[in-house]
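Visitor: I should like to examine this model through a series of questions. Please let each answer set out its reasoning and close on the value or name requested.

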Amino acid sequence: MNEPVDAPETRYVHAGADPRRQGGYVNPPVHHASTVLYRDVAEMDASQADPLKRGGPVYGRFGTPTSRAFEEALTELEGGHAAVVTCSGLSAITTTILAYVQAGDHILVSDSVYLPTRRFCDSLAALGVETEYYRPTADGAAVARLIRPRTRLLYFESPGSTTFEVQDIPAITAVCRAHGVATVADNTWATPAFHRPLALGAGVDAVVHSATKYLTGHADSILGAVVCTEESYPLVRGAAMRLGQCAGADDVYLGLRGLRTLDVRLARHQEQGLELARWLAGQEGVAAVLHPGLPGDPGHDLWRRDFTGAAGLFGVELDPGFGKPDIDAMLDRLRLFGLGHSYGGYESLIVPADPVSHRLPGTWAGRGPLIRVHVGFEALADLKQDLRAGFEVLLRGRVGHRVAASGNVRPVDHGS
């Protein structure tokens, strides 16, 4: 008898794969499918007896062999019961939240979440659902004080989007489970390669992914997924079916392909990200680097306890006093860091960030402007040189402002 496949490196290669049921080919075919034809009326009637449409083919919107393979693979890697694929990361988030709430409910959401998540949660007020944001550094006792009789769900990211606070997931899930409150974690940053919230402490009820990012890994697909426990799966699958959630066949295929190299890609993102974060921490004009993998970061101890690695995405807080024109000039000078709103691909990216514009007062302690950096696979020497050129422009702008304030010369022209 063959031994079970347990090594993570092996699971990434073989999870969800069965060449025997796909004609011997290594990768499953891409099923572009909508209508399914039944052999007879009895078979059609039998298909309607499966409320979650998990048996044989029913209709393309309920899944194809391609989407089933991706769901099975991600389920195995996250250690869940079953998964649901959706058309985007945001759709995975919204579908999961809607699976749990109804009018009159109260939900708790980390103040550090992805801005589109926050906007969706704010919109739930029109449906009679109240959203309360909590500090991402709250411990279990602080969360317990926020739970009400109608609290139905707690939703969080760890680390938080943009500011990268790490949450005490075992403490939070223990409190929520004791009060009958479901928990949902966004695991897009760490992926199952470095973090498994379903198995941490009391365990969350569902894990959502923007598979657009690290899971696919090549900046060429829009895809989402939810990995569920046995108890949460009927809720999430049912909500996805009612909302008409499905993903395109080509995007699902690209997500499945990305899983095969996730382990080696994340290791490289970690190596490059940590090295560049350490280098940035020593640059003039940088007040702080927000990366839980760095010793001294406020979330470092929790990260060491609960994670096995770090992604290539982090924040950089600049010194107070730099204005938007200074930062714009710096970013426009960069050649290798693309100016784009995503992460997780092979390419390096950088964007300005403004948590103050939407966070609760006092939950973001930074005083200087913030930029978010994603480190790709370019040579580190080239990335450092690119940033040096950007910082020269940034610092020249600051010197120009100081000199102008003394009345000696005009400010530096940032277009030069």
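Visitor: What length does helix 4 reach from its first C-alpha to its last?
Guide: In this predicted model, helix 4 covers residues 89-100, which amounts to twelve residues. At 1.5 Å a residue, the expected length is 16 Å. The distance from the first C-alpha to the last is close to that expectation, at 18 Å.

Visitor: Is helix 4 largely enclosed or largely open, and how many of its residues are buried?
Guide: A residue counts as buried when its relative accessible area is under 20%. Among the residues of helix 4 that meet this criterion are Gly 89, Ile 93, Ile 97 and Tyr 100. Helix 4 is largely enclosed by the rest of the structure, because the buried residues number ten of the twelve.

Visitor: Which residues lie nearest the centre of the largest pocket?
Guide: The largest pocket has a volume of about 850 Å³. Helix 4 supplies at least two residues of its lining, as do helix 5 (115-123), helix 13 (324-333), strand 10 (349-353) and strand 11 (370-374). Of the 42 lining residues, those nearest the centre are Tyr 114, Ser 161, Thr 162, His 341 and Arg 372.

Visitor: How many residues in the lining of the largest pocket are charged?
Guide: The lining of the largest pocket divides into three classes, with 20 nonpolar and 13 polar residues. The charged residues in this lining number nine.

Visitor: Which strand gives the largest share of the lining of the second largest pocket?
Guide: The second largest pocket holds about 320 Å³ of space. It is lined by 17 residues, and Thr 137, Thr 163, Glu 165, Pro 298 and Gly 299 are the closest to its centre. By class, this lining has ten nonpolar, four polar and three charged residues. The largest share, three residues, comes from strand 8 (residues 286-290).

Visitor: Which strands stand at the edges of the seven-stranded sheet?
Guide: The sheet is open, with mixed pairing, and its strands follow the order 1-7-6-5-4-2-3. Each edge strand has a single partner, so one of its sides is left without a neighbour in the sheet. The edge strands are strand 1 (82-86) and strand 3 (130-134).

Visitor: By how many degrees are neighbouring strands of this sheet turned against each other on average?
Guide: The average is taken over neighbouring strands of the sheet, with direction ignored. The resulting value is 20 degrees.

Visitor: Which residue of strand 6 is the bridge partner of Asp 186?
Guide: Strand 5 (residues 182-186) pairs with strand 6 (residues 206-210) in the parallel sense, over three bridges. The partner of Asp 186 in strand 6 is Val 208.

Notes: Residues numbered from 1 in each chain as written. Predicted model: local features only at pLDDT ≥ 70, side-chain atom pairs only at ≥ 80, totals over all residues. Heavy atoms only, no water. Helix = DSSP H or I, 4+ residues; strand = E, 2+ residues; numbered from the N terminus. Expected span 1.5 Å × (residues − 1). Buried < 20%, exposed > 50% of the residue type's maximum accessible area, 1.4 Å probe, protein only. 1 Å grid on protein atoms, 1.4 Å probe; cavity = no way out; pocket = protein on both sides within 12 Å on 5 of 7 lines; lining within 4 Å. Points joined across faces, edges and corners; volume = space filled by probe spheres on them. Nonpolar A, V, L, I, M, F, W, Y, C, P; charged D, E, K, R; others polar. Pairing = 2+ DSSP bridges. Axes fitted to C-alpha atoms, helices over the stretch in contact; angles between N-to-C directions.
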